[in-house]
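Dear colleague,

I am handing over the structure below, and after it you will find my notes on what was found there. Please read the two side by side.

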There are 2 protein chains.
Amino acid sequence: MTFVQLEYLVALDTYRHFAMAAENCCVTQPTLSMQVQKLEDELGVKLFDRSKQPVVPTEIGELIIKQARLLLRESAKIKDIVDEHRGTVAGEIRVGIIPTLAPYLLPLFLDNFIKKYPQVKLKVIELTTEQLISKLNKDLLDVGIVVTPLQDDRITEFPLFYEEFVAYLSESEKAYQKEFILSEDIEPNHLWLLEEGHCIRGQILNICELRKQNSHMRNFEYEAGSIETLKRMVEHYGGITILPELSLRDLTEKQQLQVRHFHAPSPTREVSLVMLRHHLKKSIIEAMKTEILNVIPEKMKQNISGKVIELG
Amino acid sequence: MTFVQLEYLVALDTYRHFAMAAENCCVTQPTLSMQVQKLEDELGVKLFDRSKQPVVPTEIGELIIKQARLLLRESAKIKDIVDEHRGTVAGEIRVGIIPTLAPYLLPLFLDNFIKKYPQVKLKVIELTTEQLISKLNKDLLDVGIVVTPLQDDRITEFPLFYEEFVAYLSESEKAYQKEFILSEDIEPNHLWLLEEGHCIRGQILNICELRKQNSHMRNFEYEAGSIETLKRMVEHYGGITILPELSLRDLTEKQQLQVRHFHAPSPTREVSLVMLRHHLKKSIIEAMKTEILNVIPEKMKQNISGKVIELG
DNA sequence: ATGTTTTGATAGATAAAACCTATGACATTC
DNA sequence: GAATGTCATAGGTTTTATCTATCAAAACAT
């Protein structure tokens, strides 16, 4: 049994097609066929049923493929250990980030990061939490930046900071007169929400305690695709919306007048780096963690006066 | 990186000597040298300091050797998965068993076992619990039969049965007149104990609540090497001792008169199969578990009226 | 039904590697 | 300073992984 055989085995399981799996492994189809056969001979069991189209793993094949994936993951850790020990921060890393963080958090640390670690090839994708976790589990991402806690025991969370929710409202709103607002001050019919799929949507419904009513009476059908759109809606059509703290960074003076913080304990979301429990690329992830924390204000790093709102 | 290289690496760490490690791997010293070098080149780090004698792993070498051991263990599981799936019970298994169980438990199931599974090469060694756990952790044993709970989180325990402690005493003892005895009935000065190292010793001291006094006043200096010796001592010199239930199996009628059970809840020990958390040879161990349970009376398989005594 | 395409297996040649024997370099010991 | 112990190196041999070319069977299309 060789690592190469295990790679071919896993590729064949992924593609369910000898030629495609072989191409993915940068070898010819007979090479991959032979090695899979050799492995089957060595173990004394058929791993794939080739009579089916596409080929499917046998019952025992499934089990062995699972262990093969584990072995390949653990073998990749050896290079990880070396990188970490030498302080080498290099290689490709695939990062997923949710849309309500991406435009505000990425500009803060990304420039620094790519300048400081020129050997890292960074691939960032914007995804909803659900898509992100799914890709993480399929090993199509190395790390994610999402709102936690997720309660998924395959996933490790490194909390980065706590971000307050704040209200953004037009002069025409009653609550505009108040210095600090309460969830009761928010008129459900005036509330602009993001469309389904964004985790922030569920949290805002939780803040406003609209969970149950929501399903029955839904007389707000205003659903935006981004935080920036929400702001524009309030500015053009009046009403109220709820924004995460980092999105306030580049408001104009006039816009700032429309911001109202909540009464303490203010609703807050926990933002974390998340990765598979047995994750790789430790040194790059560690570097990224440090770089993010460097640009986050101290007071956001602990949740002192906030109340973390549960997810959807 | 190949599995063979990892094997050589681990062997070199074990023997700290190229020629010996090579011999252990059934190759010549240059072969092993070359492969270790190739691995070092591939990873870009020196794994061993060859200037020392014996050779020692470098700091990073230690980390990588640890991961290599994990990889080899996990790779061995692949054949384990095949064996289990096919119901093959074959191969070598190294079993450790404590001396207070060995002479009573082994004869009960071993004959059956080796007849039923002729392809298993069984190696049984009698060891104290401490020695056994140490060998298990060094991968010099596959499974142990000991008294639990051990409270060692590297180890998995499969409880097999609950064995009562009973008193064995001479006619001259006061307690001989009673039908059931209590721990108070045992005269510490008349008590025969096994020498240090046997886990049963600590349990008996716990039963008799002699723990604290023990260290100060120890006017019993009678320490036997085996359960059988304890019986002889009582028979020849009088006094009392405490035996595990299975050792009563082949007492003569006369000897049986000297047995007294404890009042319920009677002191009991839990006997378990123990193995490393990530153990191998699942199918053999499973077979052994079944065979042992087959020869143990039903009533011993649950701890109904007993009180499990803590270890040492 | 028959020709075409797709898919995986097989055969023979080639390139890469793992391994062996023999020997060299260096340090330690007597 | 010769002998010994230890690991590295060199050159040749065997083994193995891979490639190209081709075959056989099944699926698909005409």
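Among the contacts in chain A with a separation of 6 or more, 75% join residues 24 or more positions apart, two residues being in contact if their C-beta atoms, placed from the backbone, lie within 7 Å. This is a predicted model, in which local features need pLDDT of at least 70 and side-chain atom pairs count only at pLDDT 80 or more, while totals for chains, interfaces and linings use all residues. Residues are numbered from 1 along each chain as its sequence is written, and chains are lettered from A and ligands numbered from 1 in the order in which they are written.

Of the 312 residues in chain A, 35% are buried, that is, with 20 or more other C-beta atoms, placed from the backbone, within 10 Å of their own. Along its principal axes, the C-alpha trace of chain A spans about 80 × 50 × 30 Å.

Chain B is superposed on chain A by a rotation of 180° with 0.0 Å of shift along its axis, at an RMSD of 0.1 Å, the fit being by least squares on the C-alpha atoms of residues with pLDDT of at least 70 in both. The two copies are thus related as by a two-fold rotation axis, and the same surface serves both, since 100% of the contact residues of chain B recur in chain A.

As for DNA strand C, 18 residues lie around this strand, and A:Phe18, A:Pro30, A:Ser33, B:Val27 and B:Thr31 come nearest; a residue is near a strand if its C-beta atom, placed from the backbone, lies within 6 Å of it.

With best wishes

Conventions. Buried ≥ 20, exposed ≤ 12 C-beta atoms within 10 Å, placed from the backbone.
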